[in-house]
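User: I am new to this structure and would like to know what stands behind the terms used for it. Please go through them one at a time.

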Amino acid sequence: MIDIIDKIKKIKKKTFSIIEPLKTQKLKNGLYAIEDKDSNYFVYRKGDKTILIDSGYQDSLSRYDEFKKIDINPDDVEAIFLTHIDSDHAGCLYEDEPSFKNAKIYLHEYEKEHLYKKSERVRVGFIKINHKLEAKQPITFFNKEEAIMVGDIKILPILTSGHTLGHTCFLIDDKYLFVGDSLIFKDGYGYRFFDLLGYDNEENSTSLLKLKMFAELYKCNYIISAHTGVITNVERAFKFYNKKIT
Ligand SMILES: [Zn+2]
């Protein structure tokens, strides 16, 4: 047991040295990063439609100040597309009072497995660790890789099982690829996300190969991670897709 705790402590230390979220800022026309502790989530706005990719932590105290910086009202958010159920991404699910009260929340159906504790979230040695939080907000589950439209915004979900069972990346308007916690970037190259936090890391590598094909097909040169910023080149973003980050 002590061995495992030591192992987790060491890896946590290493993890935090790699993680470097973006400051809250405009990235492109209509695309904004929001900083929330060690994570980013993203606002995309087109015409009068505003969506989020992930939602940051539950009851995040900094949320209103961060939204003020980009001059957007959280009440304008109509839809939230969650990459997976972890607390740094899907905080909106676990709130009693929703931070985004007008938003419909989308999540891949496979995440029910972790959310309702049918499958453990992660395994450390022989120890199975379940997801701990309870969803309090209504969820719209999807299970197809078919585009969802919010006004003129096209959101293509791409299932990337691995980090979690239903982890999903989103390609927005055929050009911005949000990779959540499937990839992590270090020194300008992409690696498979931290193995310690993954449900099935080999599966993640398989999913990343598929994701790379989508990125190439759409000539998508804006690849956005949840903890380590943006890479603007497909080859570099997927260079070490099957490698453990060290
Ligand atoms: Zn994360």
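Analyst: This is a predicted model. The protein chain has 5 helices and 17 strands.

User: How do you know that the radius of gyration of the protein chain agrees with a compact globule?

Analyst: A compact globule of 246 residues would have a radius of gyration near 18 Å, and the protein chain has 17 Å, so the two agree. Along its principal axes, the C-alpha trace spans about 50 × 40 × 35 Å.

User: What share of the protein chain is buried?

Analyst: Buried residues account for 42% of the 246. To be counted as buried, a residue needs 20 or more other C-beta atoms within 10 Å of its own.

User: Why is strand β12 called mostly covered?

Analyst: The cut-off for a buried residue is 20 or more other C-beta atoms within 10 Å. In β12, residues 168-172, 5 of 5 residues are buried, so the term follows from the cut-off.

User: What makes both faces of β12 covered?

Analyst: In a regular strand, side chains alternate between the two faces of the sheet. On one side of β12 are T168, F170 and I172, on the other C169 and L171, and all of these are buried.

User: How do you know that β12 pairs with strand β11 and with strand β13?

Analyst: Two strands pair if there are at least two bridges between them. Strand β11 (residues 153-159) is joined to β12 by 5 bridges, and β12 is joined to β13 (residues 176-180) by 3 bridges, so both cases satisfy the cut-off. Both pairings are antiparallel. P157 stands opposite F170 in β12, and L171 stands opposite L177 in β13.

User: What lies between β12 and β13?

Analyst: The two strands form a hairpin with 3 residues between them. In the turn, D173 has a positive phi of about 50°.

User: Why are β1 and β9 said to stand at the edges of their sheet?

Analyst: That open sheet has 7 strands in the order β1-β2-β3-β4-β5-β6-β9, with mixed pairing. β1 (25-28) and β9 (140-142) each have a single partner strand, so one side of each has no neighbour in the sheet. On average, neighbouring strands of this sheet are turned by 25° against each other, direction ignored.

User: What makes strands β3 and β4 a pair?

Analyst: The cut-off is at least two bridges. β3 (residues 39-46) and β4 (residues 49-53) have 5, in the antiparallel sense, so they count as paired. One of the bridge partnerships is that of R45 with T50 in β4.

Conventions. Residues numbered from 1 in each chain as written. Predicted model: local features only at pLDDT ≥ 70, side-chain atom pairs only at ≥ 80, totals over all residues. Buried ≥ 20, exposed ≤ 12 C-beta atoms within 10 Å, placed from the backbone. Helix = DSSP H or I, 4+ residues; strand = E, 2+ residues; numbered from the N terminus. Axes fitted to C-alpha atoms, helices over the stretch in contact; angles between N-to-C directions. Rg over C-alpha atoms; globule rule 2.2 N^0.38 Å.
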